[in-house]
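Reader: I am new to this structure and would like the terms explained as we go. Please show it to me.

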Amino acid sequence: MIHQKTFKDLKIIEPLLKAIAIKGYTVPTPIQEKSIPSLLLGKDLIGIAQTGTGKTAAFILPILQKMSEKGSKHINTLILVPTRELATQIGESIASYGKFLEFKHIVIFGGIKHKLQVDTLKEGVNIIVATPGRLLDLLNHKKLTLKDIEYFVLDEADRMLDMGFIDDINKIIENLPKKRQSLFFSATMSPQVNQLAKTLLTNPIHIEVATQATPIDNLHQQLYYVDKNLKQKLLHKLIRKNRVTKALLFTRTKSRADRITMFLKSYKVPCGVIHSDKSQEKRTKAIENFKTGKIKVLVATDIAARGIDIDNISHVINYELPNNPEVYVHRIGRTARAGTKGMAYTFCCAEEKSYLIKIEKLIKQEIQVINHKYHSEHAKTAEGKNAEPPIKRGKDFKGNKTKKRKPRPIHKNNRKSFSQKEKLKNKQKNK
Ligand code: AMP
């Protein structure tokens, strides 16, 4: 008989075991089982894993344990993350896993007043969870020091690079002591990510769990071919007819997200919206309302495609397909978490067909096509140019701005149009 390891077998200390029990975890997830023993021994780690695998506990538990064994009087742990939402979530995890320990943590990100964060720092904290921009800001203003950091975690490194944080990260790293334990997580491993990992880690252990191109088994994916102008009707029908109790709906643009929210509100569907133009206060409130069930649909741009861990999301709705196929996998990974069932609806109009092809290639499966009232054969059979988004004026096919075309100079003798010239000729003939 195979013996399933317990957290006790991993030598987790009593205060943490008590907190884990309250969370209802019975056995460690694969990433926890693989990483906790090495982290407790002080090793650096590179983890290829996305959220949903239990990776947060995989790094927080051993860090809390080591801090508890050694004692902590200063800021000993820094966890860098790409988004405010992920920072908040990790802060919440620290609070619940560290419930029976005395450590204080702070979550630092932009969009809220500096003073609040500075005041908390003055009171003394042991753990910082931060996005790079505001942390750097506070460092530059000498509001904190990172000289006592012993444990450094860089989470979602690939996304950090995508978001252009590399310079900020390097500046932050310059402020860290050389002697430290570093943990590095990324969902994908590009040459750039690899390069960053090399500069950060010393002799790390490698752990990889389920690649990002593997959608979860208990997740049902459905594809709806539909013309662009009928997407709202289809959405309304699905929400009305199916048991959509908690849906995360993705659009590609902020303006579309706002429009869908207005549309849903006009049908009295309780909903909220998050995207980068919304204030942090509004974003936090919308997520909170979604978590507590006050709203049924949370409309979001891809700001929420990764990292967000909200229990019992019944549906993910891809109202618009992402142009990057990996984002699709991240989006649908918001549902069917921790063993529950989930459903992902994908709406595809003709011009999104090329995106769909890339997605199906990545996930190595064809998504089940659903027959429905608004089915579009045009979308289903779209090929070539018809299967791609139209090129926007002033932008090339990659979306980069093109130079304005200079108007062709008109020659003095050539000002009259062809038809005018024809008329003149005829007039002269008739004279
Ligand atoms: P994460 O990948 O850290 O975002 O975690 C994904 C979800 O799994 C979270 O809701 C955690 O609370 C949950 N989780 C983490 N570890 C375990 C475990 N050992 N057993 C059950 N659920 C867990």
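Reader: What makes a residue part of the surroundings of the ligand, and which residues are closest?
Author: A residue is near the ligand if its C-beta atom, placed from the backbone, lies within 6 Å of it. In this predicted model, 14 residues surround the ligand, and the closest are Tyr-25, Thr-51, Gly-54, Thr-56 and Asp-309. Local features here need pLDDT of at least 70, side-chain atom pairs count only at pLDDT 80 or more, and totals for chains, interfaces and linings use all residues. Residues are numbered from 1 along each chain as its sequence is written.

Reader: Which helix gives the largest share of that shell?
Author: Helix H3 (residues 55-70) gives the largest share, 3 residues. Helices are DSSP runs (H or I) of at least four residues and strands are runs (E) of at least two, numbered from the N terminus.

Reader: Why are residues of helix H2 (residues 30-40) called buried?
Author: A residue is buried if 20 or more other C-beta atoms lie within 10 Å of its own, exposed if 12 or fewer, and partly exposed in between, with C-beta atoms placed from the backbone. In H2, Ile-31, Gln-32, Lys-34, Ser-35, Ile-36 and Leu-39 are buried, so each of them meets that cut-off. Their cover includes strand E1 (45-48), H3 and strand E7 (205-208). Gly-42, which follows H2, has a positive phi, near 90 degrees.

Reader: How do you know how confident the predictor is?
Author: pLDDT is the predictor's confidence in each residue, from 0 to 100. The chain has a mean pLDDT of 87, and 86% of its residues reach 70 or more.

Key:
Contact = placed C-beta atoms within 7 Å.
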